[in-house]
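Let's take a walk through a protein chain together, one step at a time. Have the picture open beside you as you read.

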Amino acid sequence: MISGPSTPYETLEESNRTLTVDVANLASEKEELNNKLKHIQQKLEKIKEEEKQMKSLTVSYEKQIQVEKTLKIQMIEEESQVRLEMQMSLDSKDSDIERLRSQLTSLSIHSLNTTSISSIGNDLDSDEAYPVRITHSHTSESMSFTYQRSSKSVCIDTRPCRIAPR
């Protein structure tokens, strides 16, 4: 019949075997826990790196948005300036035509029965010349004025021409 350990030596051997098994189990658990810890640390490092990249992308996008906002503001300001210059140019053209009309009425041209002043080409959005014709009935004279609009001034090209009497 085998019963439990009877001698102190056998008891120590049994305790030693139990402790050896327990130590092996604890070593296995320790290795498993160390592997889990290493895996969790790797995940944590990966998350920290992704967070760093997200912050970098956020800063980059914010800079890009600020640049685009600045460019849009500049574009709007430039468009406003162009519109203002166009309006000033058109106002200048109108005032020049009025000045020419008043100068023509003050000229002493004999037999000036009818005077016709007309603007040719009403395309106000182009930077081309604005021709103005002034014709006088019952005379042998005809004048042609061409306005050339630039950003700061209006040039007048005067070409008097003689028309053969009819």
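A residue is called buried when its relative accessible area is under 20%, exposed when that value is over 50%, and partly exposed in between. Keep those cut-offs in mind, as they will come back several times. The model in front of you is predicted. In its chain of 166 residues, buried residues make up 12%. The chain exposes about 14,000 Å² of surface, and carbon and sulfur atoms supply 56% of that area.

Now for the overall plan. The secondary structure comes to one helix and four strands. Starting from the N terminus, the elements follow the order α-β-β-β-β, so you meet the helix before the strands. How do residues that are distant in sequence come together? Among contacts between residues at least 6 apart in sequence, 31% join residues at least 24 apart.

Let's look at helix 1, which covers residues 8–106 and has 99 residues. You can check its length yourself. At 1.5 Å a residue, helix 1 should span 147 Å, and its end C-alpha atoms are 144 Å apart, so the two values agree. Which residues of helix 1 are buried? Ser89, Leu90, Lys93, Asp96, Ile97, Leu100 and Leu104 are buried there.

Next, look at the charged side chains. Side chains of opposite charge can pair when their charged atoms come close. In this model the count comes to five salt bridges, and we can visit some of them along the helix.

Begin with glutamate 14, which forms a salt bridge with arginine 17; their closest N and O atoms are 2.9 Å apart. Both residues lie in helix 1, three residues apart, which is about one turn of the helix. Glutamate 14 has a relative accessible area of 37%, so it is partly exposed. Arginine 17, at 48%, counts as partly exposed too.

Further along, the side chains of lysine 55 and glutamate 51 meet in a salt bridge, with 3.7 Å from N to O. Lysine 55 and glutamate 51 are four residues apart in helix 1, again about one turn. Is lysine 55 buried or exposed? Its relative accessible area is 54%, so lysine 55 is exposed, whereas glutamate 51, at 43%, is partly exposed.

Our last stop among the salt bridges is aspartate 96 with arginine 99, where the closest N and O atoms are 3.8 Å apart. These two residues also lie in helix 1, three residues apart, about one turn of the helix. You have already met Asp96 in the list of buried residues. Its relative accessibility is 13%, so aspartate 96 counts as buried. Its partner, arginine 99, has 35% and counts as partly exposed.

The surface has nonpolar parts as well. Met54, Leu57, Tyr61 and Ile65 make a nonpolar surface patch of about 440 Å². Isoleucine 65 lies in helix 1, and with a relative accessibility of 56% this residue counts as exposed.

Finally, how confident is the predictor in what you see? The chain averages a pLDDT of 76, and 61% of the residues score at least 70. Which element has the highest mean pLDDT, and which the lowest? Helix 1 has the highest, at 93, while strand 4 (residues 154–162) has the lowest, at 50. Over residues 122–126 the pLDDT is below 50, and beyond near neighbours in sequence this stretch has nine contacts in the model. Residues 149–155 also stay under 50, and for them the model has 18 contacts beyond four places in sequence.

Terms used: Residues are numbered from 1 along each chain as its sequence is written. This is a predicted model: local features need pLDDT of at least 70, side-chain atom pairs count only at pLDDT 80 or more; totals for chains, interfaces and linings use all residues. Side-chain values use heavy atoms; hydrogens and water are left out. The expected span of a helix is 1.5 Å times one less than its number of residues. Buried means under 20% relative accessible area, exposed over 50%, partly exposed in between (1.4 Å probe, protein chains only). Contact means heavy atoms within 4.5 Å. Accessible areas come from the Shrake-Rupley method with a 1.4 Å probe; for residues, only the protein chains shown count as cover. A salt bridge is a side-chain nitrogen of Lys or Arg within 4 Å of a carboxyl oxygen of Asp or Glu. Patches are made of residues with over 30% relative accessible area and no salt bridge: like charges are joined within 9 Å, nonpolar side chains (Val, Leu, Ile, Met, Phe, Trp, Tyr) within 5 Å. pLDDT is the predictor's confidence in each residue, from 0 to 100.
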